[in-house]
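Subject: Structure handover

Hello,

Here is the structure I said I would pass on. Please open it beside this email and follow along as you read.

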Amino acid sequence: MFVSDSLNVNAQGHLTVGGADAVTLAQEYGTPLYVMDEMGIRENCRQFKASIDRYYGRGLVCYASKAFCCKEMYRIIKSEGLGIDVVSGGELYTAQGVAFPADRIVFHGNNKTRQELEMALDYGVTRIVVDNLDELAALNQLAGERGVKAGIMFRIKPGIDAHTHSFIQTGQIDSKFGLALETGEAMEAVREAIKLQHIELVGLHCHIGSQIFDIAPFELAAQVMIDFLYRIQSELGYTVKELNLGGGFGVKYLSTDEPAPYDAYMERVSAVVRSQCARLGMAEPFVLIEPGRAIAAPTGVTLYTVGNRKDIPGVRSYLAIDGGMGDNPRYALYQSAYEIVAAAHPLGEKTQQVTVAGKCCESGDLIGEGMALQPVQPGDIVAVLATGAYNYSMSSNYNRIPRPAVVMVRDGQARIAVERESYEDVVRNDR
Ligand code: LLP
């Protein structure tokens, strides 16, 4: 019926999210409003966990926090037994706020500051993903000062083009992330790391892109990485125990999208890892994966109130809503497509095509163009679907517009996960 199992329709014909009436939620909490379905998040966590257990056996699913991060999300992820990937002191601080176990945290970032590295060491993070040689040296020194050994993974560029939007493609040589295999710099870094006194190289990591529908690039990445593990073992006599294959699993934003089932991904990638290890006579590594979007995106919607409408004859119809690029910058940044429905009659016929415009002082502030929608009037509630990932987390206060609240729904009962910002919040740090 809809792009996500978190959505349904109730007896009044209204859209429901996690069993809660979207129109009622908008009345109670105001708009714009992010709504997330807790059981949907849990279900996605369980699916990933079950599939890694079933097809591989030894692994850890680390939710990529950048997709959607707040304490309540971390509480849910923690209780599901997953790990997390964090990419900043801010995400790590949030995780510390819910006492997230340090041995289930992977710390990424192409330019972590010394302060962030210190924070990770002091919290006891056991997997710091080192991006470059400068960082390796800094970490060795900081770990030395603390009399500890820093557990690290190296971020490797496997050189794979995953055919996705160029902004979010990170696997090729021309990337600010990680160390290239082709140029020999990755091997150089490994050689260096295993000599350092305060570094323990535990794993290798790669991430080939995001919103990938095809399984083949993941299989190829796994193969390239296993080959590299083997080269390290045979050339340096060192066994790297863990392999982190990153995230990037595609989700359904439009009814026409057909992402591969996560199970199929795990089944095929596990087969590659197993067969390669068997062929090379190597022990199978512990495997980590980092789904972000796939856990969060389908479980969220954003509710807006319709404002004015502008029909420009022969050009287009603009429908203005009370949010925009401040709460969802993804159309402005990547021309990402979404579906929109009228919350009070989401199954009604979509009789119009509109350009949904936000309220920012910027022409590019659009949620989508040519979006099919049921008839709506000013004051009606519309829902943009599958906004659970990279919306709240990428939101801004552009034009000094306060960020919306995030409401978490469980079995029809809503609670605030993140308070709506006030004008006072917006000026809080002003002097
Ligand atoms: N691991 C690493 C190291 C990553 O860089 C990313 C995403 C992930 C995991 C999670 O990828 P996912 O499973 O969510 O695809 N802002 C963009 C997406 C950027 C993704 C960056 N890295 C967007 O809104 O589409």
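Alanine 386 has a relative accessibility of 1%, so this residue counts as buried, the cut-off being under 20%. The model is a predicted one. You will find alanine 386 in the loop between β19 (381-385) and β20 (405-410). Its phi is positive, about 60°, although alanine 386 is not a glycine.

Glutamine 335 also has a positive phi without being a glycine; here the value is about 50°. Glutamine 335 sits in the loop between α11 (330-334) and β16 (340-342).

One more backbone detail concerns a proline. Threonine 31 and proline 32 are joined by a cis peptide bond, with omega at about -10°. Proline 32 belongs to the loop between α1 (22-29) and β4 (33-37).

Next, the aromatic rings. How many aromatic pairs does a search of the whole structure find? The search finds 10. One of them is formed by phenylalanine 48 and phenylalanine 249, whose ring centres are 5.4 Å apart. The angle between their planes is 40°, and the pair is classed as tilted. Phenylalanine 48 is part of helix α2 (residues 38-55), while phenylalanine 249 is in the loop between β12 (242-244) and α9 (262-280), so the pair ties together parts that are 201 residues apart in sequence.

Are these two rings buried or exposed? Phenylalanine 48 is buried, at 1% relative accessibility. Phenylalanine 249 is buried as well, with a relative accessible area of 4%. Both residues belong to a cluster linked by ring pairs, together with Phe218, Tyr262 and Tyr265.

A charge also sits over a ring elsewhere: lysine 112 lies over the face of phenylalanine 107, at 5.9 Å from the ring centre.

Last, a pocket. The second largest pocket has a volume of about 430 Å³. It is lined by 19 residues, and those closest to the pocket centre are Val3, Ser4, Asp5, Asn44 and Pro298. Which element gives the largest share of the lining of this pocket? That is α2, with 4 residues. Sorted by class, the lining of the second largest pocket holds 8 nonpolar, 7 polar and 4 charged residues. Domain 1 (7-37 + 297-427) and domain 2 (108-291) each supply at least three residues to this lining.

Regards

Notes
Residues numbered from 1 in each chain as written. Predicted model: local features only at pLDDT ≥ 70, side-chain atom pairs only at ≥ 80, totals over all residues. Heavy atoms only, no water. Phe/Tyr/Trp six-rings, centres within 6.5 Å; stacked < 30°, edge-to-face > 60°. Helix = DSSP H or I, 4+ residues; strand = E, 2+ residues; numbered from the N terminus. Buried < 20%, exposed > 50% of the residue type's maximum accessible area, 1.4 Å probe, protein only. Lys NZ or Arg CZ within 6 Å of the ring centre and 35° of its normal. 1 Å grid on protein atoms, 1.4 Å probe; cavity = no way out; pocket = protein on both sides within 12 Å on 5 of 7 lines; lining within 4 Å. Points joined across faces, edges and corners; volume = space filled by probe spheres on them. Nonpolar A, V, L, I, M, F, W, Y, C, P; charged D, E, K, R; others polar. Domains from an automatic or database assignment.
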